[in-house]
Structures are given as structure tokens and as C-alpha cells.
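Please open the model in your viewer and keep the sequence panel beside it. The stops below are meant to be followed in order, with a selection to make at each one.

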Amino acid sequence: MDKSLSGRAAIAGLGATEFSKNSGRTELRLAMEATLAALQDAGIDPSEVDGFSSYSVDKVPEYEIARLLGCNNVKFFSQIPHGGGAACAPILHAAMAVATGVAKTVVVYRAMNERSWYRFGSGDYGFANTPTFENVNYGWYMPHGFHTPAAWVGMFAQRYMHTYGATSEDFGRVAVAARDFAATNPEAFFYEKPITLEDHQNSRWVCEPLHLLDCCQESDGAVAMVITSAERAKDLKQKPVVIKAGSQGIAQGQQIMTSFYRDDITGLPEMGVVAKELYAQSGLGPDAFQTAVIYDHFTPFVLTQLEEFGFAPRGEARNYVMDGHHARGGTLPINTHGGQLGEAYIHGMNGVAEAVRQVRGSAINQVDDVENVLVTAGTGVPTSGLILSAA
Amino acid sequence: MASEWLSELKAMVGREYGRVYAWDKVNAPMVRQWCEVMGIDNPLYTDEEYAKQTEFDGIVAPPAMLQAWCLEGLHQNNYPQGSTDENPYGALKLIEEQGYPAVVAVNSELSFDRYITMGEKLYYVTKLTEVGDEKTTALGTGFFVTLVMTFFSEKTSEATGDDEKVGELLFRVFKFKPHQQPEKNSAPAEVPVIKRPKPGISDDTRFFWEGCEAKELRIQHCKTCDELQHPPAPVCMHCQSFELDYQVVSGSGELYSFVVMHYPEVPPFDYPNPIGLIQLDEGVRVPAGLVGVDNKNDLKIGQRVQVEFQTFDEELTLPMFRIIDSNAQARS
């Protein structure tokens, strides 16, 4: 019997709330709306759910969802750490649970009022003196006021620019392409609001070298999916979206957003770990994808990821985006929903949703003949990735 | 109809208002007094002899004085003859009539085209550039209104051509309905002093912070394999030995990377806030605030830096780094 994970499980249902700056309701309610929509989409009765997976910073517990769904036989649940870096990992965990027979029907979800309740970009982390690892670790940064994700990413980006000659305009091309896709996606916050490279250059500094338009938005909203065996998915309502490969990644000198102490800080070696594993599991390579969802909380790391996955040689992703390969009509249109720069910041789970729609053929900016879609999760932190494919 | 006044409000965007003149020509006594009040001791503004030897060939006005030249003075709305009596804040009045009584200034951004010299006569014109959609912030619900004042220097009688633009002031206010607030006690609330966040300190890192108190930069050292590591940890990341002590390092190094933080402005930090990633000569990297950065545009990877300990709030000593040359060549 083939013990590989590849092709064993599939995403059978997809649900989401609207994405907004203020949902006006509780996170639990958002989670329930998305979960019930995903189950309805799959044509699966809520009581059948026997597994859950989500990721950290999400504060909706799976037991409460289970209680409200009337689940009596839940055998698998996990919550994966490191926020957006885990965006792809619940699908991986669910696929492993399904492939090993521990669970048959797993709901993965992410529901947060990130914009109206918290704001990760605020520079305020409820920093405390208890010497837990993370409080001690933030002690190297917070006293200097070096305390925002944009600033931490900026530190890597500055060195990347210095080493490879990349410019702010190269980062801008990522934002312009994302906003172009968002402009034709009615679900996107920036629907009908495209930008030019000049707009990008003229937008104010958030943290040099990052302009405002290098940074994703902050959003409220939820996304959920139902994962079951590929075999069973064939008989359900929707076209199955097969989980071809999945991996998490931690590499040398890993920290949360501050891996500044590595020999070289111009790459994302944890994403290199993910890339290698995804290609090994699936037997695919960079040429196999018709579209991809590349995590875009900040533009510079999109270039780095294109390099880690071999779409461009190290330091040359700037040429790749200058040639427009990543944009509408390019050889590998990325983030066709508008990304987190253009659609919403649902911590990457909205990107997984877009990959599902691309495989189903139901995306608003549908790419032709989609066979395989690469999806990546948050960068600068322990991360994850997926390859989703047609059956 | 709610939408009617809103359309009226939006229609005001783009409106330009007439000139407001300065009472006086730009003059040295006013500059000297302004510098005295602001605590500025740059001789370029006050010392004619010194200023003569500079590229400016005489004293110039501090750029930040720009707005001061055209202020009305002691008596409200008492502007020099010829100034407009149109009120560029008409939009605010309109918003206020709809039940948004409060106002707070949120941005005041000055930009300068050139230095202004003694004897120039200034005026400004105002344009209402933006009225945002209704927004809810921590303060309340209302509208962001943006005005841009453009400052000109009047051409002299012998010169030809147009008056010359010398600078601009973007001024944004939030005109709002405050959130309902519970009854407050009549005693005035004490204003809390916002301090720098203190680091979480553990048994693994205490020596570093004690070193800062002693003005020593202490880097963890492995007694087994002789490697240095930072940030400190309970074991050596190279050989997993628990046998660790520290070395006091030189505090010399170079700028390996850097950022300049602008937004959000979180107290008590000053902005822009330059932060460096320092590659110490001993080989490890330390992130830290940069001091003495006169012009953030001069920061370059590869510049030499030296540690300098600074104490904040009389209780927190941090290693900061000063750029000690302008050598822009990275060695790495």
C-alpha cells in the first residue's frame, strides 16, 4: 500500500463570510457561518464532523464549534502555532488525519475580528515581564520601538535590496498586480480600486524601505473548509480539490519574524524546506503550476518565495516581476483574488480558498486549464505550503 | 436627506481660498526669538559671521518657521491688509451642523522647497484637498478633512516671472462625534507617563541587561567550543553545551541592515525611528536603535558603528549605536 500522503485527501467543501473592517459580530459566529457554509457546500451533515484543525491567534475553540454542530465523536483536533505561517498547515494536518483513518471528515477554519478587535500592526503586543520565552525574545526589539511586522520584514528587505540590487519599484510591481486582480474581484476590499506603480512610489512610508502599499490590509472575516478522503470526495457535490502535497517548515536560525542572526538573511530557508518537500511528495516542479497563491503580507517576501520555489534564480525575482510573469496574463499569475494586499488579510486562509476555486474552475479571475496550484503561508515565521490539484 | 449635505460637503473638495499675507518680511530678530523659544542653537540661523562662510552666504530662516511668518499674531483673525477673509474651515462648520461637535488635529506635515532668506515676503493660499468618508476611530465617528497651505515668496519689484513656491503645509483634522463616555470624576485624571517597554528578562539573558547597566556589551560565549552567540540561550546553538559565560565585546561593528520606522507613531518613541541590525566585529549581530542620525537618507549598509549606552526613564539602559563614519562601502 502506498504510504505517501499525496492524493489521499481532498477539499470537498468551502465556506466563507464576507471580509470587512468590522464584521459587527463575534468571532464564534463568523466561525459558525463559514463552517456551516463549507459543510453545506460539500453536502455533508454537521454531525458527521469528527476532526478539526485551525491555527494560532485564532481564539475560537474547536470544542465549542463541535458542541454547536452536535458532533459526538471527534477524534482529531489540532491548533497549529505561528499565525499566518500556519495558513496551509491545517489542511496538511487534516489530510494526514484522513489518510491515516483517524478521522473521516475534518473541518479546518480560521475566524477572527483581526481589524476590529486586535490590529497586529499597532505596535502594542501586551508586552509583559513574565519571563516566558516570547516575552524575553521580544525584549531584544520592543525597548527600541522596533515592534511592527513591517519593520521586521523591512530589515530583511533592506539587505535583500543591497545584495541583489532590487528596488522599491520591484516590490511595487507585486502590489500593482495584486490590486489589478482585486479590482475585478467584488469580494475584495479594493474592488474597482487598482493602483499604478506611481501610486505605490508616492504612498507614504510605513517603515523604510516599505511604503504603505507594500503592506497588506487588516481585516475581519472567516474561511472554513471540509477535508475528507479523495475517494469519498468523488461522490460529493463539488469537484474534488485533491491535496497533492503539504508541508510545514522550520530552518536554520528560525525565529518569529526576527531571524536576523542567520548567515544570510536574503532568503527564506524555511520556505525552501517546504518547497523541497512539496516537490518531493508530488513529483512536480516549478513548471507544473498554472497559478499560485504566494503569501503577501508584505511585498518583499513574495520575491523571496518565488526564488525559494525555483520560479526565478536567487536574487532575480525582480526580473521575473518586471517581465510581468506574476501579473494578469503572465505565465504564472499569482494571487488572482487580489491577495492580502487587495482582497483581505484572513491570515492566508483566503488564499487557500482562492486555490480551491482555481482548481474547481470557479474563480472570479479564473486562469485557463488549472491542474495544479501552489499555495504558501506566512513568511518570516515557521511556515507551511500546499499543492492543490484537480483529481 | 442625509446624503444631501454629504454631497454638498464632497462638492467643496478642491476649493481654493485666497491669499493670507505675512505681517513682516522674513527678519533676523524674529528668527532669533523663535530659535530661543524653541531651544535651537544652530548658528546658521543666528550668527551672521558664521553663516557668511557657509554656502548660504548669510543667515537663513529655520525651515520649520514657515507657518509662523503668516500667523495672525496676538489678536484672532487679525490678518494684514489684502488677506482673504474667506474661511477655509467652512467644511468643518458644515460637518459640525450635522452633529459632529469635536475636532482634533491629526496630521501637520511640512515640506520645504528651499531655504528662506532675510527680506523675503511670504504669503500662502489654502486648498481643501480631501474629505474622507465617515469613519469610526478610537475617539468617535466623523470625517477626516485635509487642507493644504502652499507658501509663496513674492517676487521682488526688479525680478520677473511668477512668485516662487517655497513650501507646503498639509493639515488634517478629524471632525467627529465622540463616543459616549461614562460620567467622570471631577478630579483631573493623572496623565500617565508612557515609558519605553522593558525587556522580559530570564535567567538566560540577565547578564546582558546587567551589562547594559554597567555600560558593557556582553555577548554569550561557549566555554566548550569557543563560539559566540546572540541572542543568548540556555545552551550553545553550535555544540549544545550548557557551559556558557560571556565576553565583553568592543561594541564596534558595521551596519548590516537597517529600517527607518515612521508609522504607527507609538509613544514614547521619536519618529522617524532608525533601527540598525549591527554586525559586531566579533561576528554576531545585534539589533538596536541608531543615534545621531542627522539625515536618514545618509544611512548605508556597511557604515561603521560604535555602541553607546543610553538610559531611558531613569531605569532602562539600552545599547544604541552611533554611525562613526560615512563609509558606504559594505565590506561583506
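## Chain B: two domains

Begin by colouring the two domains of chain B separately, since in this predicted model the centres of domain 1 of chain B and domain 2 of chain B, taken over C-alpha atoms, are separated by 41 Å. To make the selection, use residues 2-178 for domain 1 and 206-323 for domain 2 of chain B.

## Chain A as a whole

Now show chain A as a cartoon, in which you should find 14 helices and 11 strands, and turn its C-alpha trace to follow principal-axis spans of about 55 × 50 × 40 Å. Its radius of gyration is 20 Å, which agrees with the value near 21 Å for a compact globule of 391 residues. Buried residues make up 61% of chain A, and of its contacts with a separation of 6 or more, 77% join residues 24 or more positions apart.

## Where the chains meet

Next, select the contact between the chains, to which chain B gives 32 residues and chain A gives 31. On the side of chain B that touches chain A, strand 12 (252-261), strand 13 (273-280), strand 14 (285-291) and strand 16 (316-323) each supply at least two residues, and strand 12 of chain B gives the most, with 6 residues. By character, the residues on this side of chain B divide into 21 nonpolar, 8 polar and 3 charged.

Keep strand 12 of chain B on display and add strand 5 of chain A, residues 205-208, because two strands count as paired when at least two bridges are found between them, and these two pair in the antiparallel sense over 2 bridges. Within this pairing, C207(A) stands opposite M261(B).

Just beyond, select E208(A) and P209(A), whose peptide bond is cis, with omega near 15°; P209(A) sits in the loop between strand 5 and strand 6 (210-211) of chain A.

## The nonpolar cores

Hide the cartoon and show side chains for I11(A), I91(A), I227(A) and L388(A), the residues with the most contacts inside the largest nonpolar core, which has 158 residues. Helix 6 of chain A (residues 149-164) brings the largest share of this core, 9 residues. A second, separate core has 28 residues, including C70(B), L122(B), V145(B) and V166(B).

Returning to I227(A), and leaving aside its neighbours within four places in sequence, look for its contacts, among them A9(A), I11(A), I91(A) and V108(A).

## A three-stranded sheet in chain B

Move to chain B and find an open sheet of 3 strands in the order 10-9-11, with antiparallel pairing. Its edge strands are strand 10 (228-229) and strand 11 (244-248), each of which pairs on one side only. Strand 9 (residues 218-222) and strand 10 of chain B are joined over 2 bridges, and here Q220(B) stands opposite Q229(B).

## Unusual backbone geometry

Most residues other than glycine have a negative phi, and most peptide bonds are trans. Select K215(B), in the loop between helix 6 (206-213) and strand 9 of chain B, where phi is positive at about 60°. Is K215(B) buried or partly exposed? K215(B) is partly exposed, because 14 other C-beta atoms lie within 10 Å.

For a contrast in setting, go to N335(A), in the loop between helix 12 (317-322) and helix 13 (339-342) of chain A, which has a positive phi of about 55° although it is not a glycine. N335(A) is buried, because 27 other C-beta atoms lie within 10 Å.

Finish at P267(B) and P268(B), which are linked by a cis peptide bond with omega near 10°; P268(B) lies in the loop between strand 12 and strand 13 of chain B.

Note on methods
Residues are numbered from 1 along each chain as its sequence is written. Chains are lettered from A and ligands numbered from 1 in the order in which they are written. This is a predicted model: local features need pLDDT of at least 70, side-chain atom pairs count only at pLDDT 80 or more; totals for chains, interfaces and linings use all residues. Helices (H or I, at least four residues) and strands (E, at least two) are DSSP runs, numbered from the N terminus. The radius of gyration is taken over C-alpha atoms; the globule rule is 2.2 Å times the number of residues to the power 0.38. A residue is buried if 20 or more other C-beta atoms lie within 10 Å of its own, exposed if 12 or fewer, and partly exposed in between; C-beta atoms are placed from the backbone. Two residues are in contact if their C-beta atoms, placed from the backbone, lie within 7 Å. Domain bounds come from an automatic or database domain assignment. Ala, Val, Leu, Ile, Met, Phe, Trp, Tyr, Cys and Pro count as nonpolar, Asp, Glu, Lys and Arg as charged, and the others, Gly among them, as polar. A nonpolar core is a set of buried Ala, Val, Leu, Ile, Met, Phe, Trp, Tyr and Cys residues joined through C-beta atoms within 7 Å.
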